[in-house]
Amino acid sequence: LKLGACNGVEAQMLKVLKDSGLVATDYDQNEHGRIEIERAGIKISGRIDAKMVDDRCLEIKSINNKNSFDIKKYADGYPRENYVGQLAIYLDATGQKEGVLFVASVDGLSWFWLRCYHVKDRVYRCMNVEVDLDKEYQRWAKIYNENVLKDIEPDPFDGYGRYKIPLDEIDWSKVSKTDISKARNGYKVIGDPDSWK
């Protein structure tokens, strides 16, 4: 239900962009947004959410309006690294130097139009978040060559912290109230900040 709601919000965001003349009305990511590239010996494919009328890549994301911690991070200039990385891959694939990350809360009260740009050699920046695609491509290649090809499950936390932190080591001031509530009720495990990778 949550995923469906987010997809619906993102579809509506795209409609608003089309109605505003920022995206061509006939844009369809399956037809116009498909990318396929090869980096570090692996094939990467995806679909760009939208291309603006000036041909810049546009990645559209929705966030839960109840997660004030997440919204504050955007307001402070720290978009989610994986969102920036996804847009950066599209910029790399299309050879573009600049794109836009458009993020809005489900209720529409908070929204962020963030310029993301090429810094150097497959390094991209969006506000205070910088992504080095060569490092990410190398990580994917390692997983592909050492795990996928050999049918061995990779260690998902290799170099990215712990999935579950002992309670006495958690800095609770850096955990959102929503996540604390979820952890108390058994719906979330608190891990290191990079454990999502």
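Q: Is S45 buried, partly exposed or exposed?
A: This is a predicted model, and in it S45 is found in strand β2, residues 42-47. Buried means under 20% relative accessible area and exposed means over 50%. S45 has 47% relative accessibility, so it counts as partly exposed.

Q: Which residues does S45 touch, leaving aside its neighbours within four places in sequence?
A: S45 sits in strand β2, and we skip its neighbours within four places in sequence. What's left on the contact list is R34, I35 and E36.

Q: How far apart in space are S45 and Y90, C-alpha to C-alpha?
A: Start with the sequence: S45 and Y90 are 45 residues apart there. In space, going from C-alpha to C-alpha, the distance is 9.4 Å.

Q: What distance separates the C-alpha atoms of Y74 and R47?
A: Y74 lies in helix α3, residues 68-75. Along the chain, Y74 and R47 are 27 residues apart. Their C-alpha atoms are separated by 24 Å.

Q: Is Y74 buried or exposed?
A: Y74 has plenty to touch: beyond four places in sequence, its contacts include I63, P79, V103, F112 and L114. The cut-off for buried is under 20% relative accessible area. Y74 comes in at 2%, so it counts as buried.

Q: Which strand holds S62, and is S62 buried or exposed?
A: S62 lies in strand β4, residues 57-63. Not counting residues up to four places away in sequence, S62 touches C6, V9, E10, Y83 and A104. Its relative accessibility is 7%, and under 20% means buried. That gives strand β4 and the label buried.

Q: Which residue touches both Y74 and S62?
A: Put the two contact lists side by side, leaving out residues up to four places away in sequence. Y74 touches I63, P79, R80, Y83, V103, F112 and L114. S62 touches C6, V9, E10, Y83 and A104. The name found in both lists is Y83.

Q: How far apart are the C-alpha atoms of Y117 and G99?
A: Y117 is found in strand β6. Beyond four places in sequence, its contacts include K97 and E98, along with V123, Y124 and R125. Y117 and G99 are 18 residues apart along the chain, and their C-alpha atoms are separated by 6.3 Å.

Q: Is Y117 buried or partly exposed?
A: The buried label needs a relative accessible area under 20%, and exposed needs over 50%. Y117 has 25%, so it lands in between and is partly exposed.

Q: What is the phi of R122 near?
A: R122 sits in the loop between β6 (111-120) and β7 (123-126), and it is partly exposed, with a relative accessible area of 29%. Most residues other than glycine have a negative phi. R122 is not a glycine, yet its phi is positive, near 60°.

Q: Where is M127, and what is its phi?
A: M127 is partly exposed, with a relative accessible area of 39%. Its place is the loop between β7 and β8 (129-132). It is not a glycine, yet it has a positive phi of about 55°.

Q: How many disulfides does the whole structure have?
A: Two cysteines to look at are C116 and C126. C116 is buried at 3% relative accessible area, and C126 is buried at 0%. A search of the whole structure for disulfides gives 0.

Q: How many helices and strands does the protein chain have?
A: Read along the sequence, the pattern is α-α-β-β-β-β-α-α-β-β-β-β-α-α. Adding up the secondary structure gives 6 helices and 8 strands.

Q: What is the radius of gyration of the protein chain?
A: The C-alpha atoms fill a box of roughly 50 × 45 × 30 Å along the principal axes. With 197 residues, a compact globule would have a radius of gyration near 16 Å. The chain's own value agrees with that: 18 Å.

Q: What share of the contacts with a separation of 6 or more comes from residues 24 or more positions apart?
A: Of the 197 residues in the protein chain, 38% count as buried. As for contacts with a separation of 6 or more, residues 24 or more positions apart account for 58%.

Q: How far apart are the mean positions of the positive and negative charges?
A: The protein chain has 31 positive and 33 negative charges. Take the mean position of each set, and the two are 3 Å apart.

Notes. Residues are numbered from 1 along each chain as its sequence is written. This is a predicted model: local features need pLDDT of at least 70, side-chain atom pairs count only at pLDDT 80 or more; totals for chains, interfaces and linings use all residues. Side-chain values use heavy atoms; hydrogens and water are left out. Helices (H or I, at least four residues) and strands (E, at least two) are DSSP runs, numbered from the N terminus. The radius of gyration is taken over C-alpha atoms; the globule rule is 2.2 Å times the number of residues to the power 0.38. Buried means under 20% relative accessible area, exposed over 50%, partly exposed in between (1.4 Å probe, protein chains only). Contact means heavy atoms within 4.5 Å. Lys and Arg count as positive and Asp and Glu as negative; His and the chain ends are not counted. The place of a charge is taken as NZ of Lys, CZ of Arg, CG of Asp or CD of Glu. A disulfide is a pair of cysteine sulfur atoms within 2.5 Å.
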